[in-house]
Structure formats: structure tokens, C-alpha cells
Amino acid sequence: MKAAGVLALMAGLITVTESKIYTRCKLAKIFSRASLDNYGGFNLGNWICMAYYESHYNTSAKTVLDDGSIDYGIFQINSFTWCRSEKLQEKNYCHVACSDLVTDDLTDSIICAKKIVKETQGMNYWQGWKKHCEGKDLSEWKKGCDVS
Ligand SMILES: *[C@@H]1O[C@H](CO)[C@@H](O)[C@H](O)[C@H]1NC(C)=O
């Protein structure tokens, strides 16, 4: 019984790690704790709005682009420039495996996103953000969430 219970628990954990859809407020908390609020001058609303339009909060989202590169994870970070997969000759500026950007632990994605903001001087990297979030009043995105 005990072993079966542990096995069931492990199977459960594995399933959860494979694909996780965060709620808006859970993300707000994680982003806030990771000091994304006002990082690079972009308040929390920008980050939550961007993640929504890039991945719909799906940590395992992957998008194959025309050039064969792949966008990974909650921030849809591209393999050609920012992370390392086996296929292409990548730049891997974030020094991270692309597969580490599609786990439900967002640490690596957040570190990499910060680097993108720093090195590309803003959030223009994200088309979803440009199209739907840039220049808008984004206070609604953290409304009702337990963040300041
Ligand atoms: C999340 O993304 C993965 C990979 O693209 C996909 O298989 C899964 O169906 C998505 N989950 C939801 C709820 O959209």
C-alpha cells in the first residue's frame, strides 16, 4: 500500500511537471517574488499581460517558427538566440538548455527574460506584448491578486 501510494504520488508529480497552466494571480505572485515588478521599468502588469499573449500561461508551450527555431515556455523564448537545443547552431545567450524553459519552475525563464530585457533594451522582443500590452493601462492584470 505504501509503495503504491508513493508511486501514485510520483506519477502525479510527473504529470504536473509536464504541462502546467498557471493562474494569473499565481503568476503575479511568482513574478513579484522574482522582482520582475518594474524590472527594466516595466511594472507587473506588463509581465502578466506579456505571458498571457505569448503562452496563455502554459509553461510547456512550444512554437516552431519558419526558420526552424523554437519558442519555449511561458515567455516563448527563442532557441536561435537565447537557449540551447541540440539541433541548431545557437547563440545560447542565456546559458540555459531550452528544455529548462518549459518546466513549471519558472526560475530559468525569469532569469532569461530579465537578460532579454536588459540586452535588447525593453520588451519589444515579445510581439504579443507589443501588439496587446504596450502603452496600455495594465493595472487590471494584477487586480484581485495578493500583490502590492
Ligand atoms: C500547453 O502546451 C503544450 C505544448 O504545446 C500542449 O501540448 C498543451 O496542450 C498545452 N496545454 C493547454 C491547456 O493548452
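The exercises below work through a predicted model of one protein chain with a ligand.

Residues are numbered from 1 along each chain as its sequence is written. In this predicted model, local features need pLDDT of at least 70 and side-chain atom pairs count only at pLDDT 80 or more, while totals for chains, interfaces and linings use all residues; side-chain values use heavy atoms, with hydrogens and water left out.

**Exercise 1. The elements of the chain**

State how many helices and strands the protein chain has, and in what order they run.

Step 1. Helices (H or I, at least four residues) and strands (E, at least two) are DSSP runs, numbered from the N terminus.

Step 2. The protein chain contains five helices and three strands.

Step 3. Starting at the N terminus, the order is α-α-α-β-β-β-α-α.

**Exercise 2. The sheet**

Describe how the strands are arranged, and find the edge strands.

Step 1. Strands of a sheet pair through backbone hydrogen bonds, either parallel or antiparallel. Here two strands count as paired if DSSP finds at least two bridges between them.

Step 2. The three strands make an open sheet, ordered β1-β2-β3, with antiparallel pairing.

Step 3. β1 (62-64) and β3 (77-78) are the edge strands, as each pairs on one side only.

Step 4. Between β1 and β2 (residues 70-72) there are three bridges, in the antiparallel sense. Val 64 has Ile 70 in β2 as its bridge partner.

Step 5. Leu 65 sits in the loop between β1 and β2. The C-alpha atoms of Leu 65 and Asn 78 are 9.2 Å apart, with their positions 13 residues apart in sequence.

**Exercise 3. Buried or exposed?**

Sort Leu 27, Leu 65, Arg 33 and His 95 into buried, partly exposed or exposed.

Step 1. Buried means under 20% relative accessible area, exposed means over 50%, and partly exposed is in between (1.4 Å probe, protein chains only). Accessible areas come from the Shrake-Rupley method with that 1.4 Å probe; for residues, only the protein chains shown count as cover.

Step 2. Leu 27, in helix α2, is buried because its relative accessible area is 0%.

Step 3. Leu 65 has a relative accessible area of 33%, so Leu 65 is partly exposed.

Step 4. Arg 33 is also found in helix α2, and its value of 63% makes Arg 33 exposed.

Step 5. His 95, in the loop between β3 and α4, is exposed because its relative accessible area is 67%.

Step 6. For the chain of 148 residues, buried residues make up 43%.

**Exercise 4. The nonpolar core**

Which elements give two or more residues to the largest nonpolar core?

Step 1. A nonpolar core is a set of buried Ala, Val, Leu, Ile, Met, Phe, Trp, Tyr and Cys residues joined through side-chain atoms within 4.5 Å. In soluble globular proteins, nonpolar side chains tend to be buried together.

Step 2. The largest core has 41 residues, and Leu 27, Phe 31 and Trp 47 are among those with the most contacts inside it.

Step 3. The elements asked for are α2 (24-33), α3 (44-55), β2 and α4 (107-119).

Step 4. With six residues, α3 gives the most to this core.

**Exercise 5. Positive phi**

Where in the chain do Ser 35 and His 56 lie, and what are their phi values?

Step 1. Most residues other than glycine have a negative phi.

Step 2. Ser 35, in the loop between α2 and α3, has a positive phi near 60 degrees. Its relative accessible area is 46%, so Ser 35 is partly exposed.

Step 3. His 56, in the loop between α3 and β1, has a positive phi of about 55 degrees. At 45% relative accessibility, His 56 is partly exposed too.

**Exercise 6. The ligand**

List the residues around the ligand and sort them by class.

Step 1. A residue is near a molecule if one of its heavy atoms lies within 4 Å of it. The residues around the ligand are Ser 19, Ile 21, Asn 58, Ser 60, Ala 61 and Lys 62.

Step 2. The protein covers 38% of the 360 Å² of accessible area that the ligand has on its own.

Step 3. Ala, Val, Leu, Ile, Met, Phe, Trp, Tyr, Cys and Pro count as nonpolar, Asp, Glu, Lys and Arg as charged, and the others, Gly among them, as polar. The shell then has two nonpolar, three polar and one charged residues.

Step 4. A side-chain N or O atom of Asn 58 lies 2.3 Å from an oxygen atom of the ligand.

Key:
Polar contact = N/O pair within 3.5 Å; in protein donor to acceptor, adjacent residues only side chain to side chain.
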